[in-house]
Amino acid sequence: MRDEQLLALLTERPGEYISGEEISRRMAVSRTAVWKGINRLKEQGYEFESVTRKGYRITRYPDRFDEVSLRMRLDQVTSWGQPLHLFPSVSSTQDIARALAEEGAPEGTLVIAEEQIRGRGRQGRHWHSPPGRGIWMSLIMRPVQPLQYTPQLTLLAAVAVCRALRSVSDLNIGIKWPNDLLIDGRKVCGILVESAAEDGYVRHAIAGIGIDVNLAAEDLPEELQAIATSLRMESGGDPLDRTLVVAAVIQELEAMYQLYSQQGFMAIAALWEALAFSMGRHLTVHTPQGELQGTATGLGNNGELLLQQKDGSILPVYSGEIHL
């Protein structure tokens, strides 16, 4: 009897009891095997309520990622996330994913860590990644396309993650160009896409995603408390099931990737523009070439931000930090 099969049976009717007799019959195992399976799940952090003549009911799920339930949840919604590499603590999931990609790991390979010691964001910034509170993961993609189109993948990832987080939280989450996700001006998720090329074509691209899921205010360093937030802090409720959030994100990433492959970037751009809080607003953009200003009107063919000037001309911006 596999633990993931037992877990699937116990979670198919949330909140309800399922008797040991029913489990034994449906899984074609002895009642002793059922008991041993329940104990194995307890060792993984699951808690149960057991009532005579009613059976078992899960009352609490582990706060850490459980590989069995994570694989099961991913299998239910997506073909990506396989192989899955789950770690308690790493320097950076990006580093591990890059090494796996160089060794030939297939598209859809997923690396998740409970904690990152040296997680990083855009422009080499440190990404705060405390244990058991967020989602720190990297996904390997292998698009067949010229390297120059890699920025499109960053915007694709932003759309997918934004859609997924909205679906699991009902929060008004928006995109800040190119790929930060904000709630009321505070950052809840960062995305970093790094790629390797050969002969001008992408050999692999790795999407690093950091989501502040269940962090409390005291989990944030003082310098981040005014600019960062979490899904739990914004919803004001109980901790979110991080396994469900991972599954939703990977499902959306696969769906957006398929849309991108079939219809091209402009289909993604339209979705991005609908989710971006800066569209139609006057912006200041700090770029390596200096400060630019204009009204954001949309995205160009390669993912550049289009700023309309006072004279009506359109200025493309390929990199920089925006401010309202």
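**Helix packing and an open sheet**

Helices α6 (residues 150-169) and α8 (residues 242-263) pack with their axes 8 Å apart, at an angle of about 135°. The model is predicted. The angle makes α6 oblique to α8, because an angle over 145 degrees would be needed to count as roughly antiparallel. The crossing of the two helices is right-handed.

Both helices contribute a series of side chains to the contact. From α6 come Gln152, Leu153, Leu156, Ala157, Val159, Ala160, Val161, Arg163, Ala164, Leu165, Ser167 and Val168. From α8 come Val245, Ala248, Val249, Glu252, Leu253, Met256, Tyr257 and Tyr260. By class, 16 residues of the contact between α6 and α8 are nonpolar, two are polar and two are charged.

A second element of the model is a sheet. Five strands form this open sheet, in the order β13-β12-β11-β10-β14. Their pairing is antiparallel. Strands β13 (314-317) and β14 (321-323) lie at the edges. Each has a single partner strand, so one side of each is left without a neighbour in the sheet. On average, neighbouring strands of this sheet are turned by 50° against each other, direction ignored.

Within the sheet, β11 (residues 290-299) pairs with β12 (residues 305-308). The pairing is antiparallel and runs over four bridges. Leu299 has Leu305 of β12 as its bridge partner.

Conventions: Residues are numbered from 1 along each chain as its sequence is written. This is a predicted model: local features need pLDDT of at least 70, side-chain atom pairs count only at pLDDT 80 or more; totals for chains, interfaces and linings use all residues. Side-chain values use heavy atoms; hydrogens and water are left out. Two strands pair if DSSP finds at least two bridges between them. Axes are lines fitted to C-alpha atoms, for helices over the stretch in contact, and angles run from 0 to 180 degrees between N-to-C directions. Angles under 35 degrees count as roughly parallel, over 145 as roughly antiparallel, 65 to 115 as roughly perpendicular and the rest as oblique. A crossing is left-handed if the near helix is turned anticlockwise from the far one by less than a right angle, and right-handed if clockwise. Contact means heavy atoms within 4.5 Å. Ala, Val, Leu, Ile, Met, Phe, Trp, Tyr, Cys and Pro count as nonpolar, Asp, Glu, Lys and Arg as charged, and the others, Gly among them, as polar.
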